[in-house]
Amino acid sequence: MAEIQIKGVAKRFGAFTALHQIDLTIADQEFMVLLGASGCGKTTLLRIIAGLETPSDGEVWIGGRRVDHLPPRERGIAMVFQNYAVFPHLTVYENIAFGLRMQKKPQPEVDQRVKRTAELMHIEQLLQRYSGQLSGGQRQRVAVARALAMEPDVILMDEPLSNLDALLRLEMRAELKGVLAHSRTTAIYVTHDQVEAMSLADRIAVMHQGRIVQAASPVEVYRNPAARFVGSFIGNPPMNFLPAKKSGEEQFIVAGSTLKGPKASGDIEFAIRPEDMDVGPGGIPATVRVVEPLGAHTLITTDVDGKIFRVVLDSNAEAKTGDRLSLVPRADRIRWFDPQSTSAIQ
Amino acid sequence: MTAVTNDMPIAPAAVTDARKAGNWLLIACIVLLCVWVLLPIYLLLVNALSSPAQVTGFPKRITPSFDFGSLSFFLNFQGVGKALWNSVVVALLTMVLSIGIGAPAGYALSRFDFPGKQAFRFLVLMTRAFPLPLLALPLAVLFIRTGLDDTAFGLAIVHTTLSLPFAVLITFSLFSGIPVELEEAAWTLGCNRWQAFRKVVLPLALPGIAASAVFAFTISWNEVFAAAVLTIENRTLTAFLLQSINVSPLYLKFAGGAALVVPALIFIFAVRKYLFAMWGIANR
C-alpha cells in the first residue's frame, strides 16, 4: 500500500525555478504519467520523489510516511533510468539480485526472485551475460527486472523507452503495462511522448514550465483540456483555436458565424479538435491549403482568417488545394478558453 | 569525352605522388623518433649485458653476450642493495600517498560542483610549474627543522607533490567516464554513498586507479634531484648513482643505468592505455 502525496514541493536552482509549488496525490497502485516538453520539470519532480534531488520547499509522503529527508534507499522505491544504468561489471543475474543482496536476503529467496522476474521480463536465457553483450532492448528489460525484483512500493521510471527504436518501444510499452498492472505497485512514469502517456496512464499530469497544468484521466485530458496549453500540446494534430468576439448574452462570433457560448464578460477563445467538425452549410468558412490522405482519414490544413486551422475528415471526402469548405463544429465538442488566464471556461 | 578520359589518369597520378611523398616523410619521422628513443636504450642494454672486458674493449659489440658479470658486480657493489631498497620504499609510499589523496580529489572533481572548482583544477596543474631546485633549499631547511630530512617518508612527501597532479587528473577522467546514473541506481537499490562507491564505482575504476598508482611509483623511482638534496645516509638508487657514478668504471654505469630504466619502462608500458586516456588520445 503506497499512496504518494506531494505537498507544495518547489525546486530552485539558483535564480531559476524548476518547480513551483507542486501539489499532487497519486493513489495506491495507480499508474501516473508525468507528461511535458523537455525542461518542464517532470524529471526533477521524479528525482525529488526518488530522493536523488532535495526539494527547496514542501513535503513528499509515501505510504503515509514523510520521506523528503530520507535517502533513496529508505523510501521503498525502485527506479528505471533512461540510459538503463545496468552495472557493466556484473552479470544480468547479479544485476537483478543487487538490491536483494543489499537487503541481505537469503540465497534461496534471491535465486527464486531473480528467476521469477527474469521470466516475467523474458530474459531468463540472458542471466549469465554481461551488459556489454546485450542489446538496448535487453538492457531495458534487465533494468525493469532489477527494479521489480525489489518488490518496491513505488516504481519510478524516467523516460525508460526513449532510447529504444520505434518498433521495440511499441512492444515494450504494451509489455510494461501488463507487467506493472500485475505487480500492483504504484508507478510514476516520466515521458515527453504523448502517445506513450495516453496508452499507459491511469492518470496523466501535464506539466508546463514547472507547474502541473492538469492531472486527469487520458480521455479527460484529451477531451476537456483544463488550459489552452494542454489542448495545444496533446493531440496530433493539436486543437484549433480561433478568437471569439462577444456579440450578446452567451453569443459569440467566430470567423463570421455566430455560436452559442458560455457566460463571459468579454471576448474569449474558441477551440475545437480537428476530428470534431463536419462539412455542412452555415459553418466556418475555410480555404484548403494542404491535403494529406492518411488512409483511415484525411488531414486537411486550411486557412481561416489567416490562421492555420486543421480538420480531419473521412478519407472519402474530396477536397483539393484552393477549395472553400464550410466546417460545422459539433456543439458538444466546442471548448472555450479565457485569453488572459488561458484556463478553460465551463 | 576523349579529352576527359585522357586527363583522368594524369591528375590522380600527381595526387598519388604527393601522397607517396607524404607517406615517406611520415615513415621517416617515425623511424627518426623511434631511433631517438630506442637507440640509447638498446646500447644501454647491450652494454649492461656484456662482460666488463667487452664494454671497455674494441670493437664494440652489436648484440649482447648475455654476460651478467657487470650486473652482478653492480648488485653486489657496496650500498647498491640499500639504495635499491630505499627506492622501492619511497616509491611505494609515494604510490600510497598520491592515490590516497589524489583519488578522492579526482572523485570530488568529477562528481560535485563546488565554488572554486575551476581554480582548483588549475592549481593542481600549477604545482608542476614550480621548478624543484627553487623549492629544494627551503624544503631542506624545513625538513631538517621537522626531522624529516634523510627519511623515506620525507622524500615520499616531496615525490607525492610531483605525482599528485597526475593522480588527480587520471582519476578525474576515470570517474568522469563512469555514468553517475550507475551510482544513483545503486542508491535506489539500497546502497549508501560509500557502498555505492565500493560496489559499483570502485570495481569499474580499479584498473585505472592501479595504472595511476604505477605511474606515481615510476615518477618517484626516476626522481633524482630531491632525492639527492634531501637524503644523505638513506639515498635512493638515483641519488646513489648520481653520487657514485662519476668515480665508477664504465660497465658499472651501464649496469646502474639499466637497473633504473628497465623497471620504469616496463611500468609505463603496462599502463600506457590510461596515460593516453589522460592526455586525450584515443587508443582504440
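This dialogue examines a helix contact and two strand pairings in chain A of a predicted model.

Trainee: Why are H3(A) and H4(A) called oblique to each other?

Mentor: Helix H3 (residues 107-120) of chain A packs against helix H4 (residues 136-149) of chain A at an angle of about 135 degrees. Angles of 65 to 115 degrees count as roughly perpendicular and those over 145 as roughly antiparallel, with the rest, apart from those under 35, being oblique. H3(A) and H4(A) are therefore oblique. Their axes lie 9 Å apart, and the crossing is right-handed.

Trainee: Which residues make the contact?

Mentor: H3(A) contributes Arg113(A), Val114(A), Thr117(A), Ala118(A) and Leu120(A), while H4(A) contributes Ala145(A), Leu148(A) and Ala149(A). These residues divide into 6 nonpolar, 1 polar and 1 charged.

Trainee: What makes strand E3 (residues 31-35) of chain A and strand E9 (residues 203-208) of chain A a pair?

Mentor: Two strands pair if at least two bridges are found between them. E3(A) and E9(A) have 4 bridges, in the parallel sense, so the condition for pairing is met. Within E9(A), Val206(A) stands opposite Leu35(A).

Trainee: How do you know that E9(A) and strand E10 (residues 211-216) of chain A pair, and in which sense?

Mentor: There are 5 bridges between E9(A) and E10(A), set against a requirement of at least two; the sense is antiparallel. Ile204(A) stands opposite Ala216(A) in E10(A).

Trainee: What is found between the strands of the hairpin of E9(A) and E10(A)?

Mentor: The hairpin has 2 residues between the strands, and in this hairpin Gln209(A) takes a positive phi near 50 degrees.

Methods. Residues numbered from 1 in each chain as written. Chains lettered and ligands numbered in written order. Predicted model: local features only at pLDDT ≥ 70, side-chain atom pairs only at ≥ 80, totals over all residues. Axes fitted to C-alpha atoms, helices over the stretch in contact; angles between N-to-C directions. Left-handed = near helix turned anticlockwise from the far one by under 90°. Contact = placed C-beta atoms within 7 Å. Nonpolar A, V, L, I, M, F, W, Y, C, P; charged D, E, K, R; others polar.
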